[in-house]
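Here are a few friendly notes to read beside the model. They deal with the cavity and the nonpolar cores.

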Amino acid sequence: LNTSLGYTQFDDSTMDHTWADLDGLTARISIAAGIAARKGMIPVVSAGNAGAAAWHRIGTPADAIDVLSVGAVDNSRQVTAFSSRGPSADGRVKPDLCAVGLGTIGVNGIGDDVEAINGTSFSSPLVCGLVACLWQLHRDRDAHAIMDAVRRSASCAHAPNDSLGFGIPDFWRAHLLLGGADLTGLSAPTFFNVYPQPFTTALNIDLFTGDADELTIELYDAAGRTILSRSIALEPRIYQQLRIEDAALATLPNGPCTLRASLSGHAEILRKLVKAP
């Protein structure tokens, strides 16, 4: 069930919500969303578009208990300014997840034109549709198991925050976390891609971990000096997109550099990169 609605203020100001109301148990629409969740449904809710406004926070029913509230990121996986922030008034992680909500491709609602549209009213339906597909694939699992797998699959699952929540979900990983079969035939640790090329302040690394539980990266400047050295703990046997952000990347002089990456010594790549202004 997708809900692209959010409330904090009303024409009758006596009905306005305060921040203390966003505890999942006060606003009527949040109570209703919680009832739907207890009935075994998975409500997927827009976090709201107040991130750059005075309110700044999520609205109702994004504060509801046992729902997936969804914020917005752009195509570079960065949270948008308008995406409403958490947490809930009682301290729960909100939003739960984020998906593309800036330049989301959809029908404009006036005619039949397809265009780029903005808002958590579009990131939320993206997640809702994927949740429905995942649940259809795992019909024997209940709503809580599906939501747990989706949260655990997300990019910030090990360190959720008030902007991205548990992060951007990876539904193939969620499928594997639910015990689904890996149909790719891969077994050994594998690097797929390092991008963007050229890069500015961050790098993405796509990989399959295999039996590896650690990624080691080293970045060298054009003179062969070590600019960045880091080890990152991994969960074995998952597909993962890692985003490497570090002050050293931002301050690295423009021009050629070299990345060396290793998956627990089982797979290694040496990649020539270019730092752009």
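1. A word on classes: Ala, Val, Leu, Ile, Met, Phe, Trp, Tyr, Cys and Pro count as nonpolar, Asp, Glu, Lys and Arg as charged, and the others, Gly among them, as polar. By class, the largest cavity is lined by eight nonpolar residues, with no polar and no charged ones. Please keep in mind that this is a predicted model, where local features need pLDDT of at least 70, side-chain atom pairs count only at pLDDT 80 or more, and totals for chains, interfaces and linings use all residues. Residues are numbered from 1 along each chain as its sequence is written, and side-chain values use heavy atoms, without hydrogens and water.

2. A cavity is a set of points on a 1 Å grid over the protein atoms alone where a 1.4 Å probe fits but cannot get out, and lining residues have an atom within 4 Å of a point. The lining here consists of Leu203, Ile205, Ile217, Leu219, Leu228, Ile244, Leu249 and Leu259. Strands (DSSP E runs of at least two residues, numbered from the N terminus) S8 (202-208) and S9 (214-220) each supply at least two of the lining residues.

3. Now to the largest nonpolar core, a set of buried Ala, Val, Leu, Ile, Met, Phe, Trp, Tyr and Cys residues joined through side-chain atoms within 4.5 Å, where buried means under 20% relative accessible area (1.4 Å probe, protein chains only). This core has 25 residues, and Phe191, Ile205, Leu215 and Ile244 have the most contacts inside it. Strand S12 gives the most to this core, with four residues.

4. A second, separate core has 21 residues, including Leu97, Leu134, Val150 and Leu178.

Note on methods:
On a 1 Å grid over the protein atoms alone, a cavity is a set of points where a 1.4 Å probe fits but cannot get out, and a pocket is an open set with protein on both sides within 12 Å along at least five of seven lines; lining residues have an atom within 4 Å of a point. Buried means under 20% relative accessible area, exposed over 50%, partly exposed in between (1.4 Å probe, protein chains only).
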